[in-house]
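Q: Hello! I am new to this structure and would like a close look at a single part of it. Could you pick one helix and show me how it sits among its neighbours?

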Amino acid sequence: VRALTLVTLLDYGAGNVCSIRNALRHLGFSIKDVKTPGDILNADRLIFTGVGAFAPAMDENGPGFALLPLLNTIIIYDIIYSNCVFMSVKGLGVIPGTVGRFDSSAGIRVPHIGLNALQVGKDSEILDDVGSRPSRQMKTRIGFRLPATMANLLYIFHKKRKCACSPIPSREERGFLDPQSPSKQKPMEGKASKLAKRVIACLDVRTKDKGDLVVTKGDRYDVREQSNENEVRNLGKPVDLAGQYYKEGADEISFLNITGFRDFPLGDLPMIQVLRYTSENVFVPLTVGGGIRDFTDATGRYYSSLEVAAEYFRSGADKISIGSDAVYAAEEFIKSGVKTGKSSLEQISRVYGNQAVVVSIDPRRVYVNHPDDVPYKVMFSPLFSLLCHGLNEHGPNGEEYAWYQCTVSGGREGRPIGAYELAKAVEELGAGEILLNCIDCDGQGKGFDTDLVKLISDSVGIPVIASSGAGTPEHFSEVFETTNASDALAAGIFHRKEVPIQSVKEHLVEKSIEVRIGGG
Ligand code: 1PR
């Protein structure tokens with residue numbers, strides 16, 4: 001018989017409440033939503049989510065403002081489950097001290113959302129409930145240093161069994177939720193670790209010609225079969241495949257609505273449904289992209305990009321990914337030198353935190369005769385690695401130089417900006433991560449474009465996801481060993497069942513590259 005089956009949940013309008021709700025249901029708990037302060041006072045266990053950007057959430061017009069007095073009630077009665085809501089700006093002002101961001105000199109790329117083995121000191125009891133080492137992996141948001149007072153407070157709360165320390169509950173936090181939980185193993189001490197490299201499964205989703213939503217896969221972004229019917233390639237159902245990849249050990253699932261640039265996502269409700277159903281059973285970070293921009297529909301109703309993003313977050317996304325609109329924003333920023341604060345990228349990262357905003361880049365290699373031919377970062381072709389994965393060392397007319405041109409609308413239109421320039425600009429505008437595709441390598445199975453990945457991952461401090469071209473487990477170790485990529489993403493090899501995610505992870509472990517082991 002469970003000692004505790006009811007958990008009280010405070011939804012103050014920010015943070016990923018959908019994830020919490022789904023995880024609690026998955027663990028078999030009932031949820032009582034806070035409606036009055038009394039609900040808080042009477043709670044045995046109260047949960048409220050962390051939020052990456054505290055200031056906008058608590059702004060007078062923000063979602064949490066009206067609930068501020070409730071949050072103070074929580075502090076007074078010290079029934080607390082959260083470790084993010086205090087971070088940044090003034091916060092609730094209850095705990096003295098400042099919270100600082102790790103800088104890149106700390107040797108890690110932040111923000112980082114992912115499952116990592118946690119380090120605990122010999123005498124630390126903070127993770128006592130968490131159990132054995134393989135399960136001591138939590139979905140954590142790393143990027144902030146806690147002030148000592150805050151860390152102490154968490155510890156004191158924990159000693160009183162009032163606090164657990166992960167922003168997103170998973171089965172590891174059962175100890176907090178259910179004190180009778182049998183999981184009372186003392187955690188083992190691990191060796192010092194860096195942030196784990198992550199393996200991401202990507203699902204390019206679009207409507208088939210006959211109307212249903214399918215996972216498709218391009219060959220250099222061409223998703224149509226080379227048959228008479230020229231149909232969109234159909235590699236499976238998005239919710240099923242996402243669930244399967246979660247079980248097989250994917251560290252993150254990315255959904256890209258590849259026709260989002262022309263179909264407005266809030267009109268394309270199946271994508272929202274996909275996200276909702278997926279997030280019920282998948283507990284690694286979910287990213288969704290495609291069509292995130294301001295939009296006016298056929299009836300003249302205007303939707304801001306923030307509304308689109310909000311709908312995705314409400315439906316279970318941990319991060320949103322912006323493609324075309326980030327290119328326009330970066331072009332504008334480079335031209336004017338001014339951050340207007342109005343682009344989708346700036347607005348969403350300001351409100352939800354930059355850990356929630358990925359910029360997806362779709363570059364294509366363009367050859368030139370001379371480095372001065374274009375005002376972009378140009379690379380000398382013969383220096384492209386010998387493992388250049390089937391790309392010609394020289395251009396079709398013997399050109400010895402090349403640059404990586406950014407595209408919009410799923411590769412259909414080349415823009416006057418290079419991947420290098422774009423990456424630096426979007427980092428300044430608030431991107432928390434870069435999803436670096438490569439049109440030339442997409443679907444070729446000959447390996448990532450390590451020259452491109454190195455160029456970009458060396459030029460920014462935020463995490464870079466290497467994407468496009470994976471064909472074997474060796475391609476993953478190669479990109480991690482030769483570049484500063486934090487993550488590697490693949491699609492085709494997983495969809496066609498050519499290489500299981502587990503084989504990729506096993507290979508990385510053999511190569512002493514730290515990854516999370518185990519699946520959902
Ligand atoms: O511009 O904000 O609407 O976003 C559109 C999003 O859709 C962008 O992230 C863009 O990358 C993506 N997209 C648009 N068209 C395509 C296409 O394939 N025709 N897919 C597309 C991008 C690339 C990766 C792919 C990797 C790995 N697909 O997602 O999964 O290349 O593939 P592989 O391992 O099989 O080589 P917006």
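A: Happy to! A residue counts as buried if 20 or more other C-beta atoms, placed from the backbone, lie within 10 Å of its own, as exposed if 12 or fewer do, and as partly exposed in between. By that rule, 51% of the 520 residues of the protein chain are buried. This is a predicted model, in which local features need pLDDT of at least 70 and side-chain atom pairs pLDDT 80 or more, while totals for chains, interfaces and linings use all residues. Residue numbers start from 1 along each chain as its sequence is written.

The protein chain has 16 helices and 22 strands, taken as DSSP runs (H or I, at least four residues; E, at least two) and numbered from the N terminus. Contacts join residues whose C-beta atoms lie within 7 Å. Among contacts with a separation of 6 or more in the protein chain, 76% link residues 24 or more positions apart.

Our helix is α7, which spans residues 238–248. P238, V239, L241, A242, Y245 and Y246 of α7 are buried. Because these residues cover an arc of only 165° around the axis, they lie on the same side of α7; the arc is taken from the directions between helix axis and C-beta atoms. An α-helix has 3.6 residues a turn, so residues three or four places apart point the same way.

What lies over this side? The cover on the buried residues of α7 includes three strands, β8, β9 (213–216) and β10 (252–257). Helices α8 (269–281), α15 (492–495) and α16 (501–510) also belong to that cover. Right after α7 comes G249, with a positive phi near 110°.

One of those neighbours leads us to the ligand. Around the ligand are 33 residues, each with its C-beta atom within 6 Å of the ligand. G323, S324, S360, G410 and G492 come nearest. Strand β8 (198–207), which helps to cover α7, gives two or more residues to this shell, as do β14 (319–322) and α10 (324–336). By class, the shell holds eleven nonpolar, 17 polar and five charged residues; here Ala, Val, Leu, Ile, Met, Phe, Trp, Tyr, Cys and Pro are nonpolar, Asp, Glu, Lys and Arg charged, and the others, Gly among them, polar.

So to retrace the path in the viewer, start from α7 and its buried residues, move to β8 in their cover, and end at the shell around the ligand, to which β8 contributes.

Note on methods. Contact = placed C-beta atoms within 7 Å.
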